[in-house]
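Trainee: Could you take me through one part of this protein in detail? I'd like to look closely at the place where the ligand sits and at what lies around it.

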Amino acid sequence: MKLSNIKRFWISFILSIPMLIQMFAMPFHWMMPGYNWIALITTTIIMAISALPYWKSAIAAFKKHSANMNTLVATGTAVAYFYSIFAMITNRPVYFESAAFITVFVLLGDAMEEKMHDNASNALGKLMGLQAKDAEVQRDGKFVKIPLDQVQVGDIIRVKPGEKIPVDGEILEGVTTLDESMVTGESMPVVKKVGDTVVGSTINSNGTITFKATKVGSDTMLAQIVDLVKKAQTSHAPIQNLTDKISNIFVPAVMIIAILTFIIWYSFLGATAVEAMLFAVSVIVIACPCALGLATPTALMVGTARSAKMGVLIKNGEVLQEVSDLNTVVFDKTGTITVGKPEVTDIFGDEKQVLRIAASLEESSEHSLATAIVKKADSEKLQIEKVNDFEAIEGKGVKANYHDQTAFVGSNRLLADVNISQEMNQQATKLQEEAKTVVYVGLNGEIIGLIAIQDIPKSSSKEAISELKKRGLKTVMLTGDNEKVAQAIANEVGIDQVIAGVLPNEKAEHIQELQQNGDKVAFVGDGINDAPALSTADVGIAMGSGTDIAIDSGGIVLVQNDLRGVVRALDISKKTFNRIKLNLFWALIYNTIGIPIAAGLFVGLGFTLSPELAGLAMAFSSVSVVGSSLLLNKTKIAGTN
Ligand SMILES: Nc1ncnc2c1ncn2[C@@H]1O[C@H](COP(=O)(O)OP(=O)(O)OP(=O)(O)O)[C@@H](O)[C@H]1O
Ligand SMILES: [Cu+]
């Protein structure tokens, strides 16, 4: 039978009550009748169910010529326990309570840790529990209720006011507001209309909608969030290597100090063998570095769960460490700083012809500028024509054969051997200064017109960038767009530096360049086109789009497409990492101060530490580390409550 640490703790605690009573009765010269026998029996049971696992682990480590934390617990308890049996036989004072209390206190630390693990996985379980139980799905023209796990991709689902959205999907009909706080951390309800994505487990408030299921089961956003957080919680932070290294030298060093303590007290300072032994046991017990072992994982667990609730998914412990060193944040422009849904604002030249030719070419392009042009043509009810030999030139534009003539739409980089009239040049400059992207439409080696397209910054971008600057970070915009447009948008939102005219495949190189100047760089992008830049940066921050957060590159994923998430991500990462450092500091200082006291260095000043007090102190250090990690749940993070 395997008992949980929590149960083992309670059993041991109850069994040690008689010894506790005796300890408090000592000053009154009261002796519990048959105390030695009671202590022997209860301690033996405690050793068997609670201390034995530590002994086993210590022996296993010893066989591999290594020592771990359990070596110290095992040695401390074993020495106190077996000595007491020897003392009982030879009629000397016994120290069973030392063995018992040390075990109880070590278990207290372990039980706290176990409880916290349970809580953390419960919190994740609760997140999954937010899911709806069933869904109203269209079958043979009628809506019928079916269990959630039978819903398939492509199903048409109806959701009434007050109900939960069962799976991820795209709205086909209706308008409503949704409470998405469970996945984004954003408490403001969000308006959703036809074509918008909906996320499973969010709550529909006022309208009835029908939507098409796009993701079900383990592909849903919620399932992915849970998966990411789970992985992060068990990940390794590099700072932990330090902990492991310390433990490795620490344990043997402590054993040597304990032996020296015994020898010095016994041989040189006139202590009895028992007194010298008690000093040595205290040293072993206080030195137990379990607090050190708890420092990193507990903070990581609390920090990653807390950040997930705010819509910030931190992928592993390594990211936390990198965030603390950042001094530059680089942003992609389109879709990151801006809304990413550009619109045609001005057309020069023969408007109808320019737009028709442009739209006919852009019909085959996926670019957001292309979408804007085609949309405009549609709204003008223009006939889109078929083109041949379509060619997309990455970061520059598109080219095709239009009625046997070469046509193109794109930036001035496509214009190597075409002349632009003075007038058009001035037009373009004026538009670009208004933060509008200008594309040239050319036919048969001649420019026939300009189309100006505007993509406005997200309403939250300015605030987020000023928050980052307040934190002493340099902000940079990296874009394929023209310098003037980029600069105009940068001015609008307060970005410090602009790197414009960058081809998509050069973005990663520009990040490297910044790094070579000694900058620690975070890159914020949409995660779809920006994979190389995201993985080159010291910290890659990918913005989720719609329901897709399964983004491989990037150490941090933001559920919401909002730059304020970057501020939150940096704040919580920094706070978690600082907490780890604080925990490590306290855990270490504890041992450093505790060992000399336990060794009896301050006996002259009246400071001593009995083995059981050493056990209490040691347990207290673990408990305080766990508590300190839990405090991460309470720290204030900008923009959250
Ligand atoms: N399909 C297209 N139609 C018209 N122009 C295009 C097209 N593709 C690229 N261009 C031109 O090339 C420029 C650079 O494009 P690119 O895709 O590299 O960056 P972007 O979308 O403008 O901005 P960002 O780098 O911030 O995402 C565009 O600003 C545009 O002038
Ligand atoms: Cu310990």
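Mentor: Let's start at the ligand and work outwards from there. Keep in mind that this is a predicted model.

Ligand 1 has 21 residues around it, and the closest are Glu 362, His 367, Thr 479, Gly 480 and Lys 507. Have a look at the oxygen atoms of the ligand. One oxygen is 2.9 Å from an N or O atom in the side chain of Thr 479. For Lys 507, too, there is a ligand oxygen 2.9 Å from an N or O atom of the side chain. With Lys 333 the partner is a polar backbone atom, and the distance to a ligand oxygen is 3.4 Å.

Now stay with Lys 507, which leads us on to Asp 332. The side chains of Asp 332 and Lys 507 make a polar contact at 2.9 Å. Asp 332 sits in strand β11, which runs over residues 328–332. Is Asp 332 buried or exposed? Its relative accessibility is 6%, so Asp 332 counts as buried, the cut-off being under 20%. Leaving out residues up to four places away in sequence, Asp 332 touches Ile 337, Leu 478, Lys 507, Phe 523, Val 524, Gly 525 and Asp 530.

Pick out Phe 523, Val 524 and Gly 525 from that list, since they take us to Ile 541. Ile 541 is in contact with Phe 523, Val 524 and Gly 525, and its other contacts beyond four places in sequence include Ala 522, Leu 534, Ile 556, Val 566 and Leu 570. Ile 541 also belongs to the largest nonpolar core, which has 111 residues. Within this core, Phe 331, Ile 541, Ile 556, Leu 563 and Leu 570 touch the most other members. Helix α20 (residues 564–598) gives the largest share, eleven residues. Where does the core lie with respect to domain 1 and domain 3? Domain 1 (5–125 + 232–299 + 579–634) and domain 3 (312–333 + 457–558) both contribute residues, so the core lies between them. There's another core apart from this one, with 24 residues, among them Val 344, Leu 369, Ala 372 and Val 439.

Let's follow domain 1 a bit further, to Val 73 in helix α4 (residues 69–89). Val 73 has a relative accessible area of 3%, so it is buried. Not counting neighbours within four places in sequence, Val 73 is in contact with Tyr 54, Val 106 and Cys 288. Val 73 and Gly 615 are 542 residues apart in sequence, yet their C-alpha atoms are 9.3 Å apart in space.

You can tie some of these to the record as well. The unreviewed UniProt entry annotates "transmembrane region" at several stretches, including 67–89, 95–112, 276–300 and 613–632. In the model, residues 95–112 are 94% helix and 0% strand, with end C-alpha atoms 27 Å apart. Residues 276–300 are 88% helix and 0% strand, and there the end C-alpha atoms are 41 Å apart.

For a contrast, go to residues 130–230, which UniProt lists (unreviewed entry) as "domain: P-type ATPase A". That stretch is 14% helix and 40% strand. Look there for Asp 140, in the loop between β1 (134–139) and β2 (142–147). Asp 140 has a positive phi of about 55° although it isn't a glycine. Most residues other than glycine have a negative phi. With a relative accessible area of 83%, Asp 140 is exposed.

Technical notes:
Residues numbered from 1 in each chain as written. Chains lettered and ligands numbered in written order. Predicted model: local features only at pLDDT ≥ 70, side-chain atom pairs only at ≥ 80, totals over all residues. Heavy atoms only, no water. UniProt positions renumbered as here; feature names shortened; annotations may be inferred. Helix = DSSP H or I, 4+ residues; strand = E, 2+ residues; numbered from the N terminus. Core = buried A, V, L, I, M, F, W, Y, C linked by side-chain atoms within 4.5 Å. Buried < 20%, exposed > 50% of the residue type's maximum accessible area, 1.4 Å probe, protein only. Domains from an automatic or database assignment. Contact = heavy atoms within 4.5 Å. Near = heavy atom within 4 Å. Polar contact = N/O pair within 3.5 Å; in protein donor to acceptor, adjacent residues only side chain to side chain.
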